[in-house]
Amino acid sequence: MHTQKMQFTILDKDKREQQVDLIYTLLGCWVQNGQILGNQSPIAESTDSFKVFVNTPDTDSLEVNYSNAYTREKYKNLKEVGLRVPIVENLGVHPESIELCDCKDCGSYILFTTFIAIESPLRCGDCFGIIPLYKLPKTNKHGYYDILAWQNNYQSCDSLQMGCRIGERFGMNQMMKFNSPLSRDGLAICQKIEELTKKATYYYLYKGSARSAQLELNRKCPSCGEKWLRQKPLFDLFSFQCKKCKLLSNIAWDYK
Ligand SMILES: [Zn+2]
Ligand SMILES: [Zn+2]
């Protein structure tokens with residue numbers, strides 16, 4: 001993940017309102033298309049420009065060839081509202097970033113996020129590296145709204161669970177239970193990605209605590225009821241895997 005500065009030079013000082021509107025519209029488009037990460041990109045206004053600081057999956061994420069048709073159309077309006085095409089400067093690697101997938105052709109995907117993750121929630125099933133969403137066929141009309149909405153909901157549940165004060169059990173059940181609304185939504189997204197890419201796409205089910213180590217080790221796949229304990233955990237995290245149901249889970253944290 002990289003932090004980049006986008007500088008929009010002001011050519012017409014009388015169109016400030018339209019300029020701010022267009023910048024926000026474009027930022028929204030880039031976010032929906034997975035080119036910009038997160039909804040909180042700081043903007044600094046000065047007399048001659050607007051500077052926006054954004055996180056992007058890669059150094060070239062803002063290139064026009066990754067944009068969708070809607071963004072390209074909005075981009076044409078820059079001149080009309082008196083703004084120059086933004087100059088993009090790469091400021092450096094984000095210190096908390098996870099490596100991108102560098103496999104030539106990864107064999108499967110995993111939908112996975114946590115409450116602190118900024119990156120795309122799609123991981124490579126071979127190296128566990130990040131897959132920028134814009135590298136996938138669109139899962140929604142203009143981008144990846146369904147995946148980003150799932151990520152947002154998952155992170156809200158994970159935050160409740162981590163916060164331990166309000167809604168902890170609700171958040172945990174959403175992430176843990178195979179048939180919760182959150183899991184059903186995530187599984188439907190995995191299925192869609194699989195149809196579009198023809199690659200197995202796994203969904204991760206969180207496991208918090210367990211009553212005993214034995215009960216935990218005997219846990220069965222919640223979908224088909226078959227054994228799913230792996231000999232060795234995948235990526236040191238997923239001790240359970242059902243290849244038939246495309247599900248992954250961890251050993252309860254208190255018995256790891
Ligand atoms: Zn990979
Ligand atoms: Zn199964």
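**Notes on two zinc sites and a helix trio**

1. A good place to start is K246, which sits in the loop between strand 9 and strand 10 (247-249). K246 has a positive phi of about 55°, although it is not a glycine. Helices and strands here are DSSP runs numbered from the N terminus (helices are H or I with at least four residues, strands E with at least two).

2. Before going on, a word on the basis of these notes. This is a predicted model, in which local features need pLDDT of at least 70 and side-chain atom pairs count only at pLDDT 80 or more, while totals for chains, interfaces and linings use all residues. Residues are numbered from 1 along each chain as its sequence is written, chains are lettered from A and ligands numbered from 1 in the order in which they are written, and side-chain values use heavy atoms, leaving out hydrogens and water.

3. Now the overall picture. The protein has seven helices and ten strands, and its C-alpha atoms fill a box of roughly 70 × 40 × 30 Å along the principal axes. Of the 256 residues, 47% are buried, where buried means under 20% relative accessible area, exposed over 50% and partly exposed in between (1.4 Å probe, protein chains only). Among contacts with a separation of 6 or more, 63% join residues 24 or more positions apart; a contact means heavy atoms within 4.5 Å.

4. The zinc ion (ligand 1) has as its protein donors the SG atoms of C101, C103, C124 and C127, at 2.3 to 2.4 Å. Donors are N, O and S atoms within 2.8 Å of the metal (3.2 Å for Na, K and Ca), and sites may look incomplete because water is not among the atoms. The angles among the four donor atoms run from 105 to 114°, so the arrangement is tetrahedral; four donors earn that word if all angles lie between 85 and 135 degrees.

5. What does this site link along the chain? The donor residues of the zinc ion (ligand 1) follow the spacing C-x1-C-x20-C-x2-C. C101 belongs to the loop between strand 4 (87-93) and strand 5 (108-111), and C127 to the loop between strand 6 (122-124) and helix 4, so this pair ties together parts that are 26 residues apart in sequence. C101 counts as buried because its relative accessibility is 19%, whereas C127, at 33%, is partly exposed.

6. On to the zinc ion (ligand 2). Here C221, C224, C242 and C245 supply SG donors at 2.2 to 2.4 Å, with the spacing C-x2-C-x17-C-x2-C. This site is tetrahedral too, with angles of 106 to 113° among its four donor atoms. C221 is buried at 3% relative accessible area, while C224 is partly exposed at 26%.

7. You may also like to look at F235, in the loop between strand 8 (229-234) and strand 9 (238-242). F235 has a positive phi of about 50° without being a glycine, and with 27% relative accessibility F235 is partly exposed.

8. Helix 4 (residues 145-163) and helix 5 (residues 168-176) have axes that come within 7 Å and cross at roughly 135°. Axes are lines fitted to C-alpha atoms, for helices over the stretch in contact, and angles run from 0 to 180 degrees between N-to-C directions. The two helices are therefore oblique to each other. The contact involves Y154, C157, D158, L160 and Q161 of helix 4, which meet E168, F170, G171, M172, Q174 and M175 of helix 5.

9. Helix 4 also packs against helix 6 (181-197), at an angle of about 150° with the axes 10 Å apart. These two are therefore roughly antiparallel; the label applies over 145 degrees, with roughly parallel under 35, roughly perpendicular from 65 to 115 and oblique for the rest. Residues D146, I147, W150, N153, Y154 and C157 in helix 4 meet L182, D185, G186, I189, K192 and I193 in helix 6.

10. Which residues of helix 5 are buried? They are G171, M172, N173, Q174 and M175. Their cover includes helix 4, helix 6 and strand 7 (200-205).

11. Finally, N68 occupies the loop between strand 3 (49-56) and helix 2 (69-75). N68 is buried at 7% relative accessibility, and touches N33, K138 and H142, leaving aside residues up to four places away in sequence.

Conventions: Tetrahedral: all angles 85-135°; square planar, octahedral: opposite > 155°, others 65-115°.
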